[in-house]
Amino acid sequence: MSYEPIFALFCERVKESIQSGTFAKLTLAKTMGDTELKNVYFRLVLNEDNTFSISLTFRYKTEEVESIHTLDEALLILGTHIKNPFLTALLFTTNDDVTFKVNKKNAGSIIEQAPTFKNASPVMLEMIEKGIV
């Protein structure tokens, strides 16, 4: 069984959290072995024209590299890093924490837990205030 259909569901949860104004944070973590790439951070960026983009920050052992993307592009890029080298994606919302995991048999799973964050990200709050979402 492949993890891709479950990761697609996770991506839908990310989109829903942004549309509903509950998005707080997203990160890829737990690598396979000791890798150069340590984390990928996904955050909202408000554009001057009152639209939003996604900032992806790739944290390596010795540097950080940031790139800006549309939501769909960012989710595709995150997907290329699942099992290469990351086994876990963590979505934090004000409703719940959603964890996507891939096991050794290549099966994906989604686990929901109580929320870590009481407030959405500052950019999410600004988007709500401006009526963008």
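Helices and strands are here DSSP runs, numbered from the N terminus. On that basis, P85 falls in the loop between α2 and β5. The model is predicted. The peptide bond that leads from N84 into P85 is cis, with omega near 10°. Most peptide bonds are trans.

The strand pairings were examined next. β1 and β5 run antiparallel and are joined by seven bridges. Within this pair, F23 stands opposite T93 of β5. β1 also pairs with β2, again in the antiparallel sense, over three bridges. Here L26 has F42 of β2 as its bridge partner. The two strands form a hairpin with five residues between them, and G33 of this hairpin takes a positive phi near 80°.

β2 continues the pairing on to β3. Nine bridges join these two antiparallel strands. F42 is partnered by L56 in β3. F42 is thus named in two pairings, with L26 and with L56. β2 and β3 form a hairpin, again with five residues between the strands. β3 then pairs with β4, which spans residues 64-69, in the antiparallel sense over six bridges. The bridge partner of L56 in β4 is S67. Three residues separate β3 and β4 in their hairpin.

Backbone angles set two further residues apart. Most residues other than glycine have a negative phi. K30 has a positive phi near 55°. This residue is placed in strand β1. K30 counts as exposed because its relative accessibility is 59%, above the 50% cut-off. N50 has a positive phi near 60°. N50 belongs to the loop between β2 and β3. With a relative accessibility of 37%, N50 counts as partly exposed.

The largest nonpolar core contains 32 residues, among which F10, I18, F42, L78 and F100 touch the most other members. At least two core residues come from each of α1 (4-19), β1 (23-31), β2 (37-46), β3 (52-60), α2 (71-80), β5 (86-93), β6 (97-102) and α3 (122-129). The leading contributor is α1, with six residues. In soluble globular proteins, nonpolar side chains tend to be buried together.

Contacts of I18 illustrate the packing. Neighbours within four places in sequence aside, I18 is in contact with F23, F42, L44, F52, L71, M124, M127 and V133. F42 and I18 are both among the core members that touch the most others.

A89 gives a second view of the interior. It lies in strand β5. A89 is buried because its relative accessible area is 1%, below the 20% cut-off. Beyond four places in sequence, A89 is in contact with F10, T27, L28, V98, T99 and F100. Two of these partners, F10 and F100, are also listed among the core members with the most contacts. A89 and F10 are 79 residues apart in sequence, yet their C-alpha atoms are 8.7 Å apart in space.

T57 and V45 extend the account to β3 and β2. T57 is placed in strand β3. Its relative accessible area is 11%, so T57 is buried. Sequence neighbours up to four places away aside, T57 is in contact with N39, V40, Y41, E64, V65 and E66. V45 lies in strand β2. V45 counts as partly exposed because its relative accessibility is 21%, while buried residues have under 20%. Outside the four nearest places in sequence, V45 touches T51, F52, S53, S55, I68 and V123. V45 and M127 are 82 residues apart in sequence, and their C-alpha atoms lie 9.5 Å apart.

The largest pocket was considered last. About 200 Å³ of space lies within it. The lining comprises 15 residues, of which A24, K25, F42, R43 and S121 are the closest to the pocket centre. β1 and β2 are the elements that give two or more residues to this lining. By class, the lining has nine nonpolar, three polar and three charged residues. F42 is thus listed both with the residues closest to the pocket centre and with the core members that touch the most others.

Methods
Residues numbered from 1 in each chain as written. Predicted model: local features only at pLDDT ≥ 70, side-chain atom pairs only at ≥ 80, totals over all residues. Heavy atoms only, no water. Core = buried A, V, L, I, M, F, W, Y, C linked by side-chain atoms within 4.5 Å. Buried < 20%, exposed > 50% of the residue type's maximum accessible area, 1.4 Å probe, protein only. Helix = DSSP H or I, 4+ residues; strand = E, 2+ residues; numbered from the N terminus. Contact = heavy atoms within 4.5 Å. 1 Å grid on protein atoms, 1.4 Å probe; cavity = no way out; pocket = protein on both sides within 12 Å on 5 of 7 lines; lining within 4 Å. Points joined across faces, edges and corners; volume = space filled by probe spheres on them. Nonpolar A, V, L, I, M, F, W, Y, C, P; charged D, E, K, R; others polar. Pairing = 2+ DSSP bridges.
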